[in-house]
Amino acid sequence: MFRQMRAAVKEQAESVAVSYAESIDLTYGRDEEMEKAYRQFVSGWMFDSFGVRPALGRLLTELDDVTPGANPVAVLSHDYWSRASRRTLT
């Protein structure tokens, strides 16, 4: 449905899909440590539409939306990256 809506307004506006942020349990590391994190789904062209650029790595693009779930990609916030970096250094 979203793809149909986006195609209908493509010449007049840009449509961006953003889910609500949900709290999830995130498991990481060799010891399978767990922490709470927030997960949010967005359309692939969202970052480019808002002119956001990555500090490191890459952001999502519209190519990530071609086949849903084919190549999962995550974008970490600067806040989360900073906290995770401090945790691995200690």
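The legends below accompany an overall view and several close-up views of a predicted model.

**Figure 1. Overall view of the predicted model, with its three helices and two strands.** Followed along the sequence, the elements of the protein are arranged in the pattern α-β-β-α-α. Of the 90 residues in the protein, 16% are buried, and the accessible surface comes to about 7600 Å², with carbon and sulfur atoms accounting for 56% of that area. Among the contacts with a separation of 6 or more, 31% join residues that are 24 or more positions apart. The mean pLDDT of the protein is 77, and 72% of the residues reach 70 or more. Confidence varies among the elements, helix 1 (residues 2–9) having the lowest mean pLDDT, at 62, and helix 2 the highest, at 84.

**Figure 2. Close-up of the salt bridge between Arg39 and Glu22.** The closest N and O atoms of Arg39 and Glu22 are 2.9 Å apart. Because Arg39 belongs to strand 2 (residues 33–39) and Glu22 to strand 1 (residues 22–28), this pair ties together parts of the protein that are 17 residues apart in sequence. Both partners fall in the partly exposed class, since the relative accessibility of Arg39 is 35% and the relative accessible area of Glu22 is 26%. In the model as a whole, the count of salt bridges comes to five, and the pair shown here is one of them.

**Figure 3. Close-up of the salt bridge between Lys36 and Asp25.** The side chains of Lys36 and Asp25 meet with an N to O distance of 2.9 Å. Lys36 lies in strand 2 and Asp25 in strand 1, so the contact ties together parts that are eleven residues apart in sequence. With a relative accessibility of 56%, Lys36 counts as exposed, whereas Asp25, which has a relative accessible area of 46%, is partly exposed; the two residues fall on either side of the 50% limit above which a residue is called exposed.

**Figure 4. Close-up of the salt bridge between Arg53 and Asp48.** The side chains of these two residues, Arg53 and Asp48, meet at 3.6 Å, taken from N to O. Arg53 is exposed, its relative accessible area being 58%, and Asp48 is likewise exposed, with a relative accessible area of 53%.

**Figure 5. Close-up of Asp64 in the loop between helix 2 (46–49) and helix 3 (78–89).** A polar atom of the Asp64 side chain lies 2.9 Å from the backbone nitrogen of Thr61. When residues up to four places away in sequence are not counted, Asp64 touches Arg58, Leu59 and Val73. Asp64 is classed as partly exposed because its relative accessible area is 23%, a value that lies above the 20% limit under which a residue is called buried. The C-alpha atoms of Asp64 and Ser43 are separated by 8.5 Å, although these residues are 21 positions apart along the chain.

**Figure 6. Close-up of Val73 and its contacts with Arg58, Leu60 and Asp64.** Val73 is placed in the loop between helix 2 and helix 3, and the contacts named in the title leave aside its neighbours within four places in sequence. Val73 is partly exposed, as its relative accessible area of 35% indicates. Val73 and Arg58 are 15 residues apart along the chain, and their C-alpha atoms are separated by 9.6 Å.

**Figure 7. Close-up of the nonpolar surface patch made by Leu56, Leu76 and Trp81.** The patch formed by these three residues has an area of about 370 Å². One of its members, Leu76, is found in the loop between helix 2 and helix 3 and is partly exposed, with a relative accessible area of 47%.

**Figure 8. Close-up of Ala55 in the loop between helix 2 and helix 3.** Ala55 counts as exposed, since its relative accessibility is 81%. Between Ala55 and His78 the C-alpha to C-alpha distance is 8.3 Å, while the two residues are 23 apart in sequence.

Note on methods
Residues are numbered from 1 along each chain as its sequence is written. This is a predicted model: local features need pLDDT of at least 70, side-chain atom pairs count only at pLDDT 80 or more; totals for chains, interfaces and linings use all residues. Side-chain values use heavy atoms; hydrogens and water are left out. Helices (H or I, at least four residues) and strands (E, at least two) are DSSP runs, numbered from the N terminus. Buried means under 20% relative accessible area, exposed over 50%, partly exposed in between (1.4 Å probe, protein chains only). Contact means heavy atoms within 4.5 Å. A polar contact is a pair of N or O atoms within 3.5 Å; within protein, one must be able to donate a hydrogen and the other to accept it, and residues adjacent in sequence count only if both atoms are side-chain atoms. Patches are made of residues with over 30% relative accessible area and no salt bridge: like charges are joined within 9 Å, nonpolar side chains (Val, Leu, Ile, Met, Phe, Trp, Tyr) within 5 Å. Accessible areas come from the Shrake-Rupley method with a 1.4 Å probe; for residues, only the protein chains shown count as cover. A salt bridge is a side-chain nitrogen of Lys or Arg within 4 Å of a carboxyl oxygen of Asp or Glu. pLDDT is the predictor's confidence in each residue, from 0 to 100.
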